[in-house]
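Work through the exercises below with the sequence and the 3D view at hand. Try each task before reading its solution.

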Amino acid sequence: MRRQRTTLLAVSTLLTVTLTAAPGPASAQSAAPPNQVTNLTVRQADGYATLAWQPVPDATDYQIERTAVDATNTPTGAPTIVGIWRPNRQINQDAPTFADAGFNPGDRFQWRVRARTGTTEQPYSDPVTATTTAPWGNPDTPGQQLRTQWETTHAAQYTSDTDEYAYTAAIDALSDRVRVVELGRTVQNRPINMLVIGHPTPATTPEAVAATAPVAINCNVHGNEPGDREACLIMARQLAFSTDPRITDLLSHTTVLIVPTINGDGRAANTRGNSTGQDLNRDYSLIRQPETAAYIRMVRDYRPVAGYDGHEFGNSRAGDLPMLPPRHQNVAQPIFDQSQDMIEGHMYAKGAEAGWWPCPYGCEGGGNVGLSEETILRNTLGLKNVTNSLLELRSSGGQTRPDEGNTANNRRRKTYSALWTFHQFLDYHRADRADILTSRAEAIEIQAANTGRLVFRGSRPIPAHPAPHPGDSPPPVDAPPPNLILDNAPCAYKLTEAQYNGARTDGPGGVGTTVAQRIAAHGWKVITTTDGYYIPLNQPERGLIPLLLDPMGVEKLTDGERVYPTLTGRRNGPLVVTGFTCAADATINGPVTVRAGAALVTTGTTISGPVTADGAAGILLADSAVNGPVRITHTSDAVSLIDLTIAGPVSLTGNTTGTDIPLLAGSTIRGPLTCTGNNPTPTNLGVANTVSGPRTTQCAAL
């Protein structure tokens, strides 16, 4: 974790109201019983109330009591213990808080808190009475008046698929800030929709959205875990119609991408998997299913820089909000660090303020959870250089919320805790956008350098947060076994025609998309030569490619052939490239010419002379230096220039690479940069180049 921090951004889009127990006469105050909780305050927010009080010496825990009252504060129900505060809920013990949730928003209650020493109950605090915050949105204002099925039934029903489509379509129609796009279809042909939200309007193309450093929330991958989905639908309404300056400021600086239901078939059937029984959160790397393929294509095209993935967790001993970063050891260190900072540096601190209990996935008694499978979205996104976290909602009330045997109360607590988390996620991105982008840029350059070992299964450790900490037990170590470590990484993998374009049987109904189609969905660069298909590792997603193509892969697509560098060390004189040439840690003293149909891949290489390629199949240069001009024209398959130092002009002209977008990212060019007639137009992936000369035409913004 880089640092601990706090921010001054608001927790909620709503005005919060804090009430304090009214003090009695001085004589009554002096006669207060020993060990009575004092200074109780209650602050209202979206679907929850934050209780805070003065700590009682030697208290081991606290009980939170809630009583329904009418407008005259007369009780209309029995007092109920709804919460238990324990020291491991939050990182600071001198300011205890508890987020009471589970009530019907808009109802009126009285709260009291008492300490316990062991099993000995101490006197209750003086009561505080208040009306809770009603569901967001003025019922008389178009757009704001929209409500989900979950809201209108007071959490008795979850929102159906047809009601979701009608609700999101209405938001789209009534708000200029929102555009609903269809990412694909489920196995049973339900649309997979995404809300694209920006202010005053969202950018109109995926590439333009990508330029805003967007954030993405995946709300419902397991169909029987719908709490996050309901939170996403409520938040979409808030983002679409709120006039709160915090909201408009957030949306003016990024684009929010919300996918309410990637697993519409599973949600309709209330099943964990999709209609084929596939757990979609074990398929984001393999993308055997149309649902996961749609999401991965979205990540490729819209390039979110940060993400959250919503789930529910059955462990009744866990915290309110178990979270976990991408742990796979192939994830670049900056992405892991940034993700941990989002969780421990932000969520733990803000949770302590609001009264929620964020903790490492597992918390108490978590068992064998949170491991390194690259098929899990948080790991897949980390391997795609996205700062992100899994979010689990404890699916039962558990020991700290004893009133949640009531189904509606349980559903409300889950949904509103998720709503709080997603808003905090947006606040974190707003405050730390520069750090997130720096971490992403560093990760892309680290990956493209193709250095270090490859791990096929194994997690980065998550140490317990220094005591007092949220949660007593971190996730298991999950260290990589020696037989799943490759110390000598190849330059590329080569696939045969049958491997690349051959029929697959691992999809719905025994029909799967080809390896070629899946590689294209991931956005990896492929070079076609007369002897096969080459997938170089000097790419931004270097850590993920071997997991699907190496013979050591645990859940792989095929056994690709490892291709090792063909040129290392020193070479004096001109180099003419024919076929596939890979240079690693090489010094080439002379000009380099890449012939038509040939390919050049470099890492850690210095070229003392110009590089010229005309009609090449592919040019992928990374972490290298060229002491001379670079001229690349009429390339057919792939162009990628990442983290280069080029002492001379650079010209990219007439490269026609199909759906593969040429990359020019993180490079220093001591000369002019000219890009003309390239189809598609080159991109820098949001990683700016330093150019000492003029930048013209297609590369003017790179």
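A residue counts as buried when its relative accessible area is under 20%. The model used here is predicted.

**Exercise 1. Find how many disulfides the structure holds, and state how their cysteines pair along the chain.**

Step 1. A search of the whole structure gives four disulfides.

Step 2. Count the bonded cysteines along the chain. The pairing pattern is then 1-2, 3-4, 5-6, 7-8.

**Exercise 2. For the disulfide of C491 and C582, give the sulfur distance and the handedness, and decide whether its cysteines are buried or exposed.**

Step 1. The sulfur atoms of C491 and C582 are 2.0 Å apart. The cut-off for a disulfide is within 2.5 Å, so this pair qualifies.

Step 2. The angle about the S-S bond is 110 degrees, and the link of C491 and C582 is right-handed.

Step 3. Locate the two ends. C491 sits in the loop between β19 (485-486) and β20 (492-495), while C582 belongs to strand β26 (residues 580-589), so the bond ties together parts that are 91 residues apart in sequence.

Step 4. Apply the cut-off for burial. C491 has a relative accessible area of 4%, so C491 is buried. C582 has 2% relative accessibility, so C582 is buried as well.

**Exercise 3. Describe the disulfide of C359 and C363, then that of C675 and C699, by sulfur distance, handedness and burial.**

Step 1. In the pair C359 and C363 the sulfur atoms are 1.5 Å apart. The link is right-handed, with 55 degrees about the S-S bond.

Step 2. C359 has a relative accessible area of 0% and is buried. C363 also has 0%, and is buried too.

Step 3. For C675 and C699 the sulfur distance is 1.8 Å. With -80 degrees about the S-S bond, the link of C675 and C699 is left-handed.

Step 4. C675 lies in strand β37 (residues 673-676) and C699 in the segment after β39 (695-697), so this bond ties together parts that are 24 residues apart in sequence. Both C675 and C699 are buried.

**Exercise 4. Describe the largest cavity and its lining.**

Step 1. The search finds five cavities of 30 Å³ or more. The largest cavity has a volume of about 70 Å³.

Step 2. This largest cavity is lined by 14 residues, and those closest to its centre are D46, A134, P135, W136 and Y416.

Step 3. Sort the lining of the largest cavity by type: eight residues are nonpolar, three polar and three charged.

Step 4. Helix α5 (residues 227-241) contributes the most to this lining, with three residues.

Terms used. Residues numbered from 1 in each chain as written. Predicted model: local features only at pLDDT ≥ 70, side-chain atom pairs only at ≥ 80, totals over all residues. Heavy atoms only, no water. Buried < 20%, exposed > 50% of the residue type's maximum accessible area, 1.4 Å probe, protein only. Helix = DSSP H or I, 4+ residues; strand = E, 2+ residues; numbered from the N terminus. 1 Å grid on protein atoms, 1.4 Å probe; cavity = no way out; pocket = protein on both sides within 12 Å on 5 of 7 lines; lining within 4 Å. Points joined across faces, edges and corners; volume = space filled by probe spheres on them. Nonpolar A, V, L, I, M, F, W, Y, C, P; charged D, E, K, R; others polar.
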